[in-house]
Each structure stands twice: as C-alpha cells, then as structure tokens.
Amino acid sequence: MKRLIIALLLAAVLLFSVNTYIPTQADTTRYARADVRTAYFFSERDLSTSLFAVPYTYCIEILRDDGEWYYAKYAADAGIYRAVYGYCRKSDFVELVETPQVTYLYKAVTVTYSTGSGGGSLPVLDEINVEAAFYGTYYSGATAYSYVYCQGSFGYIEGANDDYPLIEDEDDGGETPPDDGSPEISAGLISAIVISLLAAAALIMLYLTTRKRPEG
C-alpha cells in the first residue's frame with residue numbers, strides 16, 4: 001500500500017511540474033511594427049475604410065492572419081485609451097520576433113470646446129479644454145486630421161499631431177535568427193526538471209526510511 005501511495009504522489013508531482021512550462025497565451029502574442037508612415041488601420045478589409053495611420057515605428061498586436069491582411073488590435077484599455085480592432089495590410093508592417101519594450105504610442109492631445117456668445121449681458125462659459133487620446137493621423141487631400149478618443153467617443157480633430165518620438169535603437173529582429181541546430185531550453189522548463197528531480201529524490205528517501213527492515 002505504501003508503495004502505491006508513493007507512486008501516486010510521484011506521478012502527481014511530475015504532472016504538476018510538466019504543467020509549469022506549458023506555454024501561456026502571453027508567450028504566443030505576436031506584434032508587428034509600422035514600417036511606413038502610411039500604415040493605415042482599417043475597420044474592414046477594404047481600402048476605403050481607413051481610420052488612421054498607425055504611428056510610425058509603433059506596433060499592432062496580431063490577432064489573426066487573413067491572407068494579405070492582419071486582423072489586429074491597437075492600443076489597450078488603460079487610462080484615456082481604449083483598444084480598437086480592425087485590419088492592417090501586411091506589406092505596411094514588419095512582424096517582430098520578440099515582444100517589444102514599447103508597443104503602442106501614448107499621446108494625449110487637447111480638444112477645445114467653445115460656447116456661443118450668449119445673449120446680451122448673460123454670463124457665458126469660457127473655452128473648455130478636454131484631454132483626448134491620439135491614435136494616429138488621417139489625411140484627406142492636403143488636410144490632416146487626428147483620430148482621437150474623447151469623452152467616450154471616437155472621432156477626428158484638425159491637425160496631424162505627429163510630433164511623437166520614434167522608437168529607435170531597438171532590435172526588432174525583422175528576420176528570424178538562424179537556427180544553430182541546438183534546442184532551446186526555457187528557464188521554466190529547467191525549473192520544472194529540477195523540481196521533479198528533487199521531488200523524486202525526496203519520495204525515494206521517504207520510501208527507504210519508512211520501509212520495514214527484515215527481521216534478523
């Protein structure tokens with residue numbers, strides 16, 4: 001009976017250890033960087049549905065490959081930003097090998113609301129400034145607009161607002177590094193193997209110390 005219990009405990013420990021290095025969703029997240037200044041984000045797989053140009057050198061999260069398109073996410077639900085979902089042309093982006101240190105651009109712009117002049121001697125409010133989240137620039141002919149999220153709504157304001165810092169000196173690894181033939185071993189896998197060996201040694205010692213010695 002003791003041997004059966006020890007065997008079951010060992011099996012449980014080994015199963016737990018294997019689960020510790022199963023890849024998580026975070027390990028499979030894919031990003032692509034805007035490789036041109038006209039890397040537009042579209043609401044549909046249709047060139048007439050462009051919303052804004054993804055800020056140059058910043059990223060989209062790839063959710064699905066759709067032929068010549070990526071179904072992607074830009075921005076995250078944090079602070080003044082809300083995630084948007086749509087399509088991007090693959091030819092405008094470079095897929096990254098590793099998760100970049102910086103993914104989305106965080107840039108707040110000011111939207112100014114002004115009231116009417118009022119009537120007669122009635123007091124009126126001054127101009128009201130509201131903070132908005134900048135997503136990217138949209139050009140209509142020679143006129144530049146900014147696609148923003150403000151007070152719960154998406155829309156456009158005049159002006160490009162493209163004076164943002166570019167991501168530089170970061171190895172985006174546009175190509176997969178050469179394979180030298182040696183398998184990659186993750187830190188999680190090494191930890192799991194060590195834990196399994198220690199657990200197995202402990203169970204063996206437990207078995208040896210609890211087994212009955214033969215009577216002389």
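Setting aside neighbours within four places in sequence, isoleucine 60 is in contact with a long list of residues: Arg30, Tyr31, Ala32, Phe41, Val54, Tyr70, Ala72, Lys73, Tyr74, Cys88, Phe93 and Tyr104. The model is a predicted one, and isoleucine 60 is a handy way into its interior. Ile60 belongs to the largest nonpolar core, which holds 37 residues. Within that core, Ile60 is listed with Phe41, Phe52, Val54, Tyr74, Phe93 and Tyr135 as the residues that touch the most other members. Many elements chip in: strand 1 (30–34), strand 3 (50–53), strand 4 (59–66), strand 5 (69–74), strand 6 (84–89), strand 8, strand 9 and strand 10 supply at least two core residues each. Strand 9 gives the largest share, with 5 residues. Apart from this set there is a second, separate core of 5 residues, including Phe42, Ala53, Trp69 and Tyr87. Such grouping fits a general pattern, in that nonpolar side chains tend to be buried together in soluble globular proteins.

Zooming out, the protein chain carries 2 helices and 11 strands. Read from the N terminus, the order is α-β-β-β-β-β-β-β-β-β-β-β-α, with a helix at either end of the run of strands. Of its 216 residues, 31% count as buried. Among contacts with a separation of 6 or more, 56% are between residues 24 or more positions apart. The accessible surface adds up to about 14,500 Å², and carbon and sulfur atoms own 55% of that.

Strand 9 (128–140) deserves a closer look. On one side, strand 9 pairs with strand 8 (108–113) in an antiparallel fashion, through 6 bridges. Tyrosine 113 has isoleucine 128 of strand 9 as its bridge partner. Strand 9 also runs antiparallel to strand 10 (residues 143–150), this time with 7 bridges. Here tyrosine 138 stands opposite tyrosine 145 of strand 10. Strands 9 and 10 make a hairpin with 2 residues between them, and glycine 141 in the turn has a positive phi of about 65°.

Another glycine, glycine 136, sits in strand 9 itself. With a relative accessible area of 0%, glycine 136 is buried. Beyond its neighbours within four places in sequence, Gly136 is in contact with Phe52, Ala53, Tyr145, Ser146 and Tyr147. Of these, Phe52 is one of the best-connected members of the largest core, while Ala53 is in the second one. The C-alpha atoms of glycine 136 and aspartate 162 are 7.6 Å apart, although 26 residues separate the two along the chain.

Not every nonpolar side chain is tucked away. Tyr113, Leu125 and Ile128 form a nonpolar patch on the surface, together offering about 300 Å² of accessible area. Two of the three, Tyr113 and Ile128, are the bridge partners already met. Leucine 125 comes from the loop between strand 8 and strand 9. Leu125 counts as exposed because its relative accessible area, 59%, is over the 50% cut-off.

On the charged side, the salt bridge count comes to 7. Glutamate 95 and arginine 30 meet through their side chains at 2.8 Å, N to O. This pair links distant parts of the chain, with glutamate 95 in strand 7 (residues 93–95) and arginine 30 in strand 1, 65 residues apart. Glutamate 95 is partly exposed at 29% relative accessible area, and arginine 30 is partly exposed with a value of 29%. Arginine 30 also turns up on the contact list of isoleucine 60.

A second example joins aspartate 66 to arginine 64, with 3.1 Å between the closest N and O atoms. Aspartate 66 counts as buried because its relative accessibility of 15% is under 20%. Arginine 64 is partly exposed, at 37%.

Lysine 90 and aspartate 65 make a further salt bridge between their side chains, at 3.8 Å, N to O. Lysine 90 is in the loop between strand 6 and strand 7 while aspartate 65 is in strand 4, so this pair ties together parts 25 residues apart in sequence. Both ends are partly exposed, lysine 90 with a relative accessible area of 26% and aspartate 65 at 37% relative accessibility. Through shared partners, salt bridges join Arg30, Asp65, Lys90 and Glu95 into one network.

How values were computed: Residues are numbered from 1 along each chain as its sequence is written. This is a predicted model: local features need pLDDT of at least 70, side-chain atom pairs count only at pLDDT 80 or more; totals for chains, interfaces and linings use all residues. Side-chain values use heavy atoms; hydrogens and water are left out. Patches are made of residues with over 30% relative accessible area and no salt bridge: like charges are joined within 9 Å, nonpolar side chains (Val, Leu, Ile, Met, Phe, Trp, Tyr) within 5 Å. Accessible areas come from the Shrake-Rupley method with a 1.4 Å probe; for residues, only the protein chains shown count as cover. A salt bridge is a side-chain nitrogen of Lys or Arg within 4 Å of a carboxyl oxygen of Asp or Glu. Helices (H or I, at least four residues) and strands (E, at least two) are DSSP runs, numbered from the N terminus. Buried means under 20% relative accessible area, exposed over 50%, partly exposed in between (1.4 Å probe, protein chains only). Two strands pair if DSSP finds at least two bridges between them. A nonpolar core is a set of buried Ala, Val, Leu, Ile, Met, Phe, Trp, Tyr and Cys residues joined through side-chain atoms within 4.5 Å. Contact means heavy atoms within 4.5 Å.
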